[in-house]
Amino acid sequence: MAKKVAVLAVNPVNGFGLFQYLEAFFENGISYKVYAVAETKQIKTNSGVELVADDIIAHLVGHEDEFDAVVFSCGDAVPVFAQNADKPYNIDLMSVLKAFGEKGKILIGHCAAGMLFDFAGVTEGKKLVVHPLAKPAITKGQATDDKSVVDGNLFTAQDEKFVWTMMPEVLKVLK
């Protein structure tokens with residue numbers, strides 16, 4: 001039986017990255033629910049397309065056991081993350097990532113996802129890939145220059161252009 005995935009979409013989210021995950025999951029019969037990392041379910045893509053997520057991240061907190069994996073879909077909200085780290089939705093984001101990681105669940109993401117996984121303290125001793133600008137921020141895991149890396153339960157791609165390079169492994173583990 002296919003696993004169930006929580007997909008986290010920041011506001012604004014990179015639509016190209018987000019829809020690669022969603023289409024692959026849909027086409028392969030993998031159940032997912034999209035959570036807005038925001039105060040409301042209404043978010044936008046980097047290009048301004050309005051989206052309505054299934055729910056907000058606050059409602060995922062404490063329900064991590066209902067899912068087998070989490071996807072962090074990056075976007076333009078991440079470069080200003082530090083300025084908004086104290087917002088309730090970003091506190092919830094870090095709590096959810098930490099909970100998934102500590103439970104040994106599958107963590108998937110691109111661009112700055114590896115950096116946030118690292119901030120959550122769930123990358124110790126693992127190889128990961130992040131956007132080149134985020135590489136100096138990695139302190140617990142081992143950042144590589146690969147296009148994508150799979151290390152145990154951690155699946156990361158350098159940016160949205162390389163999500164496809166890890167997608168066969170992602171689908172294999174989620175089916």
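**Exercise 1. Determine which residues the ring pairs link into a cluster, and characterise the aromatic pairs.**

Solution. Ring pairs link Y21, F25 and Y32 into a cluster. The model is predicted: local features need pLDDT of at least 70, side-chain atom pairs count only at pLDDT 80 or more, and totals for chains, interfaces and linings use all residues. Residues are numbered from 1 along each chain as its sequence is written, and side-chain values use heavy atoms, with hydrogens and water left out.

Step 1, the criterion. Rings of Phe, Tyr and Trp (its six-membered ring) pair if their centres lie within 6.5 Å; planes under 30 degrees apart count as stacked, over 60 as edge-to-face and the rest as tilted.

Step 2, the count and geometry. The rule yields three aromatic pairs. One of them, F25 with Y32, is tilted, at 6.2 Å centre to centre and 50 degrees between the planes.

Step 3, the burial of the two partners. Buried means under 20% relative accessible area, exposed over 50%, and partly exposed in between (1.4 Å probe, protein chains only). F25 counts as buried because its relative accessibility is 0%. Y32, in contrast, is partly exposed, since its relative accessible area is 29%.

Step 4, a further pair. Y35 and F67 form an edge-to-face pair, with 6.0 Å centre to centre and 80 degrees between the planes. This pair links distant parts of the chain: Y35 belongs to strand 2 (residues 31–37), while F67 sits in the loop between strand 5 (55–56) and strand 6 (69–73), 32 residues apart. Both Y35 and F67 are buried. Helices (H or I, at least four residues) and strands (E, at least two) are DSSP runs, numbered from the N terminus.

**Exercise 2. Describe the surroundings of K4 and state which residues K4 touches.**

Solution. Step 1, location. K4 is in strand 1 (residues 4–10). With a relative accessible area of 32%, K4 is partly exposed.

Step 2, contacts. Contact means heavy atoms within 4.5 Å. Not counting residues up to four places away in sequence, K4 touches S31, E66, F67, D68 and A69. F67 is thus a contact of K4 as well as a ring partner of Y35.

Step 3, a C-alpha distance. K4 and I30 are separated by 26 residues in sequence and by 6.5 Å in space, C-alpha to C-alpha.

**Exercise 3. Decide whether Q20 is buried or exposed, and place S95 in its helix.**

Solution. Step 1. Q20 is in helix 1 (residues 15–27). Its relative accessible area is 19%, so Q20 is buried. Leaving aside residues up to four places away in sequence, Q20 touches E160, V163, W164 and M167.

Step 2. S95 lies in helix 3 (residues 88–102). Its relative accessibility of 34% makes S95 partly exposed. From S95 to A58 the C-alpha to C-alpha distance is 9.8 Å, across 37 residues of sequence.

**Exercise 4. Assess the overall dimensions and burial of the protein.**

Solution. Step 1, composition. The protein has five helices and 11 strands. Its radius of gyration is 14 Å, close to the 16 Å that the globule rule gives for 175 residues, so the protein is as compact as a globular protein of that length. The radius is taken over C-alpha atoms, and the rule is 2.2 Å times the number of residues to the power 0.38.

Step 2, extent and burial. The C-alpha trace spans about 40 × 35 × 30 Å along its principal axes. Of the 175 residues, 54% count as buried.

Step 3, long-range contacts. Among contacts between residues at least 6 apart in sequence, 63% join residues at least 24 apart.
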